[in-house]
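Student: Could you take one part of this model and walk me through it closely? I'd like the strand pairing first, and then the aromatic rings.

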Amino acid sequence: MIRNAALAFTLLAVGCASAGSGGRPLDAAARRTLLLDPTHPEWTRPAPPVSNVTFTTTKGDFTIAVVRDWAPIAADRFYNLARLGYYDDTRFHRVSDGYIVQWGLHGDPAVNDAWRGRELPDDPQRFSNAPATIGFAMEGPRTRNTQVYINVGDNSRNDGEPFAIFGSIVEGMDVVRLLYSGYGEASGSGMRQNLQGPIEAGGNAYLDREFPLLDRTLYVTVNPRM
């Protein structure tokens, strides 16, 4: 059962929660070593019950409230990818006006290669694809990996598929709507369209050459960072 009332109640509580303090960031060399080793125990830390993840982008900031109870497997993966720098300097490769914003392929092809085959088990679907919610992109059962999407519009038509919502935008949805959408589906599209091979193999160098107007994440801040 999809419980939108529960979602709204939890978001209200999240919006009133105070942020915790972050830990010391990794230096560039240590971070890349970790990114190339998805088997490292750091990637399996459980997320806090609620964490606020702020993406500082070329259009401004938006903050996602990640609620572990909604989809624990997804929340843990996203929390760790965010806190360990995976999403830093990544491009929003699929921006479809009124539909979704999608990202999560890394700018370094070697990192994309390291994470190939690291798909997650599925979480039960509990909430609808309502505006401002976030989930992992997938091709079918057990195919969630690193790519995520924000529902820009009401995408409840997708609720027939097992997308598990793990959080929602609590600040900066106006920024999400400003992300460059002029390329539409041409700059990578979704996981099922078989257009992402050049991004995986070429990373940011490919995207910056072929689609230079794409917006990107500059860095990500996680509170609390445990």
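Tutor: Here is a look at strand β5, the sheet around it and the aromatic residues.

Keep in mind that this is a predicted model. Strand β5 covers residues 133-136, and it belongs to an open sheet of eight strands with antiparallel pairing. Reading across, the order is β3-β4-β6-β5-β7-β2-β1-β8. The two ends of that order are β3 (94-96) and β8 (217-223), and each of them has a single partner strand, so one side of each is left without a neighbour in the sheet. Direction ignored, neighbouring strands here are turned by 25° against each other on average.

Back to β5, which sits between β6 and β7 in the order. In general, strands of a sheet pair through backbone hydrogen bonds, either parallel or antiparallel. On one side, three bridges join β5 to β6 (residues 148-151), and the two run antiparallel. You can pick out the register from Gly135, which stands opposite Tyr149 in β6, and from Phe136, which stands opposite Val148 in β6. On the other side, β5 is joined by three bridges to β7 (residues 165-171), again running antiparallel. There, Thr133 has Ser168 of β7 as its bridge partner.

Now the faces. In a regular strand the side chains alternate between the two faces of the sheet. For β5, Thr133 and Gly135 are on one side, Ile134 and Phe136 are on the other, and all of them are buried, which leaves both faces of the strand covered.

Phe136 also takes us to the rings, as it is part of one aromatic cluster. Its fellow members are Trp43, Phe55, Phe62, Phe78, Tyr86, Tyr87, Phe92, Trp103, Trp115 and Phe166. The structure as a whole holds 19 aromatic pairs. One of them is Phe55 with Phe62, which is stacked, at 5.3 Å centre to centre and 5° between the planes. Both Phe55 and Phe62 are buried. Another pair is Phe78 with Tyr87, and this one is tilted: the centres are 5.5 Å apart and the planes make 40°. Why does Phe78 count as buried? Its relative accessibility is 0%, and the cut-off for buried is under 20%. Tyr87 counts as buried too, because its relative accessibility is also 0%.

So if you want one residue to start from in the viewer, try Phe136: it faces Val148 across the β5-β6 pairing, it is buried, and it is in the aromatic cluster.

Technical notes
Residues are numbered from 1 along each chain as its sequence is written. This is a predicted model: local features need pLDDT of at least 70, side-chain atom pairs count only at pLDDT 80 or more; totals for chains, interfaces and linings use all residues. Side-chain values use heavy atoms; hydrogens and water are left out. Two strands pair if DSSP finds at least two bridges between them. Helices (H or I, at least four residues) and strands (E, at least two) are DSSP runs, numbered from the N terminus. Axes are lines fitted to C-alpha atoms, for helices over the stretch in contact, and angles run from 0 to 180 degrees between N-to-C directions. Buried means under 20% relative accessible area, exposed over 50%, partly exposed in between (1.4 Å probe, protein chains only). Rings of Phe, Tyr and Trp (its six-membered ring) pair if their centres lie within 6.5 Å; planes under 30 degrees apart count as stacked, over 60 as edge-to-face and the rest as tilted.
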